[in-house]
Amino acid sequence: MSIFADVDSDETYKTGIEFLYSEGIVNGYPDGTYQPQRTLNRAEMIKIIAESKATLNDLPSNTFTSYA
């Protein structure tokens with residue numbers, strides 16, 4: 001069973017998507033999908049980069065709060 005309704009076992013980036021989810025970097029969309037084929041906008045991409053940097057470098061969870 002997949003974390004997201006639209007991420008099947010044959011999804012090319014399934015492992016990466018599940019890793020980012022398990023680290024709290026991405027959450028998907030409110031409807032339970034991830035939409036892996038959708039193009040990211042700049043704000044979404046910078047959020048993933050910033051959250052990844054904070055998570056993987058053990059920065060405090062509120063590191064980027066003032067930038068929201």
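## Lys-14 and its partner

Lys-14 is buried in this predicted model, because its relative accessible area of 17% falls under the 20% cut-off. Its side chain meets that of Glu-18 in a salt bridge, with N and O 2.3 Å apart. Glu-18, for its part, is partly exposed, at a relative accessible area of 23%. The two residues sit four apart in helix α1 (residues 14–22), so about one helical turn separates them.

## A second salt bridge

Searching the whole structure turns up two salt bridges. Besides the Lys-14 pair, Arg-38 forms a salt bridge with Glu-44, and here the closest N and O atoms are 3.2 Å apart. Arg-38 counts as partly exposed, with 37% relative accessibility. Side chains of opposite charge can pair when their charged atoms come close.

## The nonpolar core

Now for the inside. Eight residues make up the largest nonpolar core: Phe-4, Val-7, Ile-17, Leu-20, Ile-25, Val-26, Tyr-34 and Ile-48. Leaving aside residues up to four places away in sequence, Leu-20 touches Ile-25, Val-26 and Ser-52. In soluble globular proteins, nonpolar side chains tend to be buried together.

## Nonpolar groups on the surface

Leu-40, Met-45, Ile-46 and Ile-49 make a nonpolar surface patch of about 360 Å². Of these, Ile-49 lies in helix α2 (residues 42–56) and is partly exposed, at 44% relative accessibility.

## The whole protein

The protein has two helices and zero strands. Of its 68 residues, 19% are buried. About 5300 Å² is exposed, with carbon and sulfur atoms supplying 55% of that area. Among contacts with a separation of 6 or more, 40% join residues 24 or more positions apart.

Notes:
Residues numbered from 1 in each chain as written. Predicted model: local features only at pLDDT ≥ 70, side-chain atom pairs only at ≥ 80, totals over all residues. Heavy atoms only, no water. Core = buried A, V, L, I, M, F, W, Y, C linked by side-chain atoms within 4.5 Å. Buried < 20%, exposed > 50% of the residue type's maximum accessible area, 1.4 Å probe, protein only. Contact = heavy atoms within 4.5 Å. Patch = residues over 30% accessible without salt bridge, like charges linked within 9 Å, V, L, I, M, F, W, Y side chains within 5 Å. Areas by Shrake-Rupley, 256 points an atom, 1.4 Å probe, with all protein chains shown as cover. Salt bridge = Lys/Arg side-chain N within 4 Å of Asp/Glu carboxyl O.
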